[in-house]
Amino acid sequence: MPDLLVPGSHRADGVLDDAALVRALLRVEVAWVRALAEQGAAATAQADAIAAAAEALPDLDPREVEDAGNPVLPLLRAVRARVPEAAEVVHAGLTSQDVLDTAL
């Protein structure tokens with residue numbers, strides 16, 4: 001996992017470290033797609049697939065995070081790769097800044 005919150009992340013290990021940030025980003029994405037499903041804008045099966053894919057934290061390449069400017073874009077690539085049947089609704093209607101701000 002890259003050092004997304006350096007310097008200082010070692011002081012908050014497990015509370016606000018890279019893995020905690022990625023978990024929070026995934027929680028935002030899952031909550032959003034569940035809301036889309038509740039409103040009929042996504043299928044429940046798609047939301048379930050995305051939630052299942054979000055169970056395992058992806059390994060994010062620090063270079064990809066740096067190139068993207070934030071961890072959301074490489075995270076989305078990882079999630080979409082795990083759920084090709086639901087890739088079109090992953091992050092639908094959101095911006096990476098929405099997700100990052102909400103997660104933080």
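**Exercise 1. Classify His91 as buried or exposed, and describe its backbone.**

*Solution.* At 11% relative accessibility, His91 counts as buried, where buried means under 20% relative accessible area with a 1.4 Å probe and protein chains only. The model is predicted: local features need pLDDT of at least 70, side-chain atom pairs count only at pLDDT 80 or more, and totals for chains, interfaces and linings use all residues. Residues are numbered from 1 along each chain as its sequence is written, and side-chain values use heavy atoms, with hydrogens and water left out.

Next, locate the residue: His91 lies in the loop between α4 and α5 (96–103). Helices here are DSSP runs (H or I, at least four residues), numbered from the N terminus. Finally, consider the backbone: phi of His91 is near 75 degrees, a positive value in a residue other than glycine. Most residues other than glycine have a negative phi.

**Exercise 2. Determine which residues Val72 touches.**

*Solution.* Val72 is placed in helix α4. Its relative accessibility is 0%, so Val72 counts as buried. Leaving out residues up to four places away in sequence, Val72 touches Leu25, Glu29, His91, Ser96, Val99 and Leu100; contact means heavy atoms within 4.5 Å. For Val99, 27 residues apart from Val72 along the chain, the separation of the C-alpha atoms is 7.3 Å.

**Exercise 3. Establish how α1 is oriented relative to α2, and which residues make the contact.**

*Solution.* The axes of α1 and helix α2 (residues 44–53) come within 9 Å and cross at roughly 170 degrees. Axes are lines fitted to C-alpha atoms, for helices over the stretch in contact, with angles from 0 to 180 degrees between N-to-C directions. The helices α1 and α2 are therefore roughly antiparallel, a term for angles over 145 degrees. From α1, Val30, Val33, Arg34 and Ala37 make the contact, and from α2, Thr44, Ala47, Asp48, Ile50 and Ala51. These residues divide into 6 nonpolar, 1 polar and 2 charged; Ala, Val, Leu, Ile, Met, Phe, Trp, Tyr, Cys and Pro count as nonpolar, Asp, Glu, Lys and Arg as charged, and the others, Gly among them, as polar.

Within α2, the residues Gln46, Ala47, Ala49, Ile50, Ala51 and Ala53 are buried. The buried residues of α2 pack against α1 and α4.

**Exercise 4. Identify the helices that each supply at least two residues of the lining of the largest cavity.**

*Solution.* Those helices are α1 (18–38) and α4 (72–82). Leu26, Glu29, Val30, Ile50, Ala54, Leu75, Leu76, Val79 and Val90 line this cavity; lining residues have an atom within 4 Å of a point of a 1 Å grid, and a cavity is a set of such points where a 1.4 Å probe fits but cannot get out. By class, the lining has 8 nonpolar, no polar and 1 charged residues.

How values were computed:
1 Å grid on protein atoms, 1.4 Å probe; cavity = no way out; pocket = protein on both sides within 12 Å on 5 of 7 lines; lining within 4 Å. Parallel < 35°, antiparallel > 145°, perpendicular 65-115°, else oblique. Buried < 20%, exposed > 50% of the residue type's maximum accessible area, 1.4 Å probe, protein only.
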